[in-house]
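New to this one? Take a moment to look over the sequence and the fold before reading on.

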Amino acid sequence: MEAYDHQVLDASAKEIVEQAKISGARVAGPVPLPTRRESYTGNRSPVSDKTSREQFEIRTHKRIIDITEPNARTIDALNRLVVPAGVFVKIKA
């Protein structure tokens with residue numbers, strides 16, 4: 001799972017873990033991975049002050065949830081789950 005906002009990411013991870021446990025699957029996680037930080041620098045003004053710069057930063061937070069022994073109820077529950085906007089979920093089989 002990836003998101004720019006760690007609070008939304010943690011809430012989504014908690015919801016996924018609860019649904020997986022209710023359906024009877026074994027769950028390991030969520031495990032937080034290192035946060036990727038990207039910095040961007042740009043001019044404050046394109047004309048007058050060339051030496052004046054402005055810096056921006058984007059942080060990408062990641063979590064891993066390992067679901068072992070899933071059954072049909074687990075897959076149905078996770079497919080019906082609505083994830084908030086801004087949270088990207090990648091499923092690897």
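Here is a short walk through the sheet, the helix and a surface patch.

Keep in mind that this is a predicted model. Let's start with the sheet: 4 strands make it up, and it is open, with the order S2-S3-S1-S4 and antiparallel pairing. Strands S2 (26-43) and S4 (87-88) sit at the edges, and each has a single partner strand, so one side of each has no neighbour in the sheet.

How is S2 joined to S3? The two run antiparallel, and 14 bridges link S2 to S3, which covers residues 53-68. S1 also pairs with S3 in the antiparallel sense, this time over 2 bridges. If you'd like to trace the pairing by eye, here are some residues and the ones they face in S3:

| Residue | Partner in S3 |
|---|---|
| Ala28 | Asp66 |
| Arg26 | Thr68 |
| Ala3 | His61 |

Now for the helix. Which strands does helix H1 touch as it packs on the sheet? Helix H1, residues 6-22, touches S1 (2-3), S2, S3 and S4. The direction of H1 makes about 5° with that of S3.

Finally, have a look at the surface. Tyr4, Tyr40, Phe56, Ile58 and Phe88 form a nonpolar patch there, and together they have about 540 Å² of accessible area. One of these residues, Tyr40, lies in strand S2. Is Tyr40 buried or exposed? Tyr40 falls in between: its relative accessible area is 41%, and partly exposed is the word for values between the 20% and 50% cut-offs.

Terms used
Residues numbered from 1 in each chain as written. Predicted model: local features only at pLDDT ≥ 70, side-chain atom pairs only at ≥ 80, totals over all residues. Heavy atoms only, no water. Pairing = 2+ DSSP bridges. Contact = heavy atoms within 4.5 Å. Axes fitted to C-alpha atoms, helices over the stretch in contact; angles between N-to-C directions. Patch = residues over 30% accessible without salt bridge, like charges linked within 9 Å, V, L, I, M, F, W, Y side chains within 5 Å. Areas by Shrake-Rupley, 256 points an atom, 1.4 Å probe, with all protein chains shown as cover. Salt bridge = Lys/Arg side-chain N within 4 Å of Asp/Glu carboxyl O. Buried < 20%, exposed > 50% of the residue type's maximum accessible area, 1.4 Å probe, protein only.
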